[in-house]
Amino acid sequence: CKILRCNSEYVAATLHLRGPDRGAAFCTALRSYSLCTRRTARTCRGDLAFHSAVHGIEDLMIQNNCSKEGPTAPPRPRPPAPNPHGFESLDICDYERSFLYKHGRPPGFQHCAAFGDPHIRTFHDDFHTCRVEGSWPLLDNDYLFVQATSSPVAKGSNATVTSKLTIIFKNMKECIDQKVYQAELDNVPAAFQDGSVNGGARPGGSSLVIWERSPGQHVEIRAAYIGTTIAVRQAGRQLSFSIRAAEEVARAFTEEQDLQLCVGGCPHSQRMSRSPRGRGRVPAETAQALCREILPVEDVYFQSCVFDVVTSGDTNFTMAAHGALEDARLFLPDAEKLHIFQ
């Protein structure tokens, strides 16, 4: 697939076009870009960068009132490569910069989280508390597979917590080797399963990196090649997962990949009320006082905190809700959607 060549020729042709008089030259460059993508259509059919380019060209031509008929300029010589691997490797393995070049605006992002009982905040800002014992996929798309394994929070309880997380970053030809990250209770490593801390020896290997935020308790995985950041935490006897994913990446799945808790929430049969009936392990008033100390807004994070402390008797669960809220504060594209009230 030669889409990278088309992208870099378009960038080279438009890099120095500025101001109100750029119109005709800009439209010529867009028509040339469109012609280049049509020539690569057969070999690039399944390539995300190719489809992004095609849609981006259509949008830019409409925005700039460009006619599809007209002259197409020969590509200008490309500027000197800024790194030993050339412009193309930088372009394809830096999703945000590549998207900005193609569309003239930053990409959109979505946020999902799973923490505590587990509670799921979906990409669409729905919020569920789930019974889901066993292994369930949080994500299953063309770039990522994330599976959470849950077990009962306490003997005889219907409530479950995440005890294991498996994250697979799927092989991306230009950028990374396939990498698997696995965390279990009391084992939140700052490395992939093969011992590496990045995407491998390919030109874009550094576009996938693990950072240890708090030893054994909090790691952050940045996947710049797909515009995605993941946080994994342990608080008390549970693991939590948060993600900020580019919209294009979050939507890159087929109808067969229909079970994803981050997309559809937990199935109706697995949903629980966050108002536990009967005797809990901690009085509700005590749990509310503990949660109010670090969660002053009584939203779903506060309700989840109270539910988890009452159900488990473990006051460390206050930190699970607090960590999820802090991740949401960092990862949510729209700050007004931080708090959800039900």
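These are my notebook entries on the disulfides, helices, sheets and aromatic pairs I looked up in this predicted model.

**Entry 1, disulfides**

I began with the cysteines, and the count came to six disulfides, of which I followed up C6–C36, C27–C66 and C291–C305.

For C6 and C36 I read an S to S distance of 2.1 Å. The torsion about their S-S bond is about -80 degrees, so I noted this disulfide as left-handed. The link connects distant parts of the chain, since C6 sits in helix α1 (residues 3–14) and C36 in helix α2 (residues 23–40), 30 residues apart. I then looked at accessibility and found both C6 and C36 buried.

Next I took C27 and C66, whose sulfur atoms are 2.0 Å apart and form a disulfide. The link of C27 and C66 is left-handed, with -75 degrees about the S-S bond. C27 lies in helix α2, whereas C66 lies in the loop between α3 (48–63) and α4 (86–92), so this pair ties together parts that are 39 residues apart in sequence. With a cut-off of under 20% for a buried residue, C27 counts as buried at 8% relative accessibility, and C66 counts as buried at 12%.

The last disulfide I followed joins C291 to C305, with the sulfur atoms 2.0 Å apart, and the link is left-handed, with -85 degrees about the S-S bond. C291 belongs to helix α8 (residues 284–294) and C305 to helix α9 (residues 300–312), 14 residues apart, and the pair links distant parts of the chain. I found 0% relative accessibility for C291, which therefore counts as buried, and 0% for C305, which likewise counts as buried.

**Entry 2, helix α2**

C36 and C27 both led me to α2, and I compared its length with expectation. At 1.5 Å a residue, the 18 residues of α2 should span 26 Å, and the end C-alpha atoms are indeed 26 Å apart, which agrees.

Which residues of α2 are buried? I listed F26, C27, T28, A29, L30, R31, S32, Y33, S34, C36, T37 and T40. I next asked what covers these buried residues of α2, and the cover includes α1, α3 and α5 (95–103).

**Entry 3, the eight-strand sheet**

Turning to the strands, I traced an open sheet of eight strands in the order β8-β9-β10-β11-β1-β2-β3-β12, with antiparallel pairing. At its edges stand β8 (208–214) and β12 (271–272), each with a single partner strand, so one side of each is left without a neighbour in the sheet.

At the β12 edge I looked at the pairing with strand β3 (residues 127–130), which is antiparallel and runs over two bridges, and here C130 stands opposite R271 in β12. Helix α9 packs on this sheet, where it touches β1 (109–115), β2 (119–121), β3 and β12, and its direction makes about 165 degrees with that of β2. Helix α10 (residues 317–331) also packs on the sheet, touching β1, β10 (228–234) and β11 (239–246), and its direction makes about 165 degrees with that of β10.

**Entry 4, strands β4, β5 and β6**

I then examined strand β4 (residues 134–140) and strand β5 (residues 144–152), which run antiparallel and are joined by six bridges. How many residues lie between β4 and β5 in their hairpin? I found three. As a reference point along this pairing I noted P137, whose bridge partner in β5 is Q147.

On following β5 onward, I found that strand β6 (residues 160–169) pairs with β5 in the antiparallel sense over nine bridges. There I recorded S150, whose bridge partner in β6 is T162.

**Entry 5, aromatic pairs**

My count of aromatic pairs came to seven. I examined F115 and Y301, whose ring centres are 5.8 Å apart and whose planes lie at 15 degrees, so the pair is stacked. F115 is in strand β1 and Y301 in helix α9, 186 residues apart, and the pair thus links distant parts of the chain. I found both F115 and Y301 buried.

I closed with Y10, F26 and Y33, which form one aromatic cluster; F26 and Y33 had already appeared among the buried residues of α2.

Notes:
Residues are numbered from 1 along each chain as its sequence is written. This is a predicted model: local features need pLDDT of at least 70, side-chain atom pairs count only at pLDDT 80 or more; totals for chains, interfaces and linings use all residues. Side-chain values use heavy atoms; hydrogens and water are left out. Two strands pair if DSSP finds at least two bridges between them. A disulfide is a pair of cysteine sulfur atoms within 2.5 Å. Buried means under 20% relative accessible area, exposed over 50%, partly exposed in between (1.4 Å probe, protein chains only). The expected span of a helix is 1.5 Å times one less than its number of residues. Contact means heavy atoms within 4.5 Å. Axes are lines fitted to C-alpha atoms, for helices over the stretch in contact, and angles run from 0 to 180 degrees between N-to-C directions. Rings of Phe, Tyr and Trp (its six-membered ring) pair if their centres lie within 6.5 Å; planes under 30 degrees apart count as stacked, over 60 as edge-to-face and the rest as tilted.
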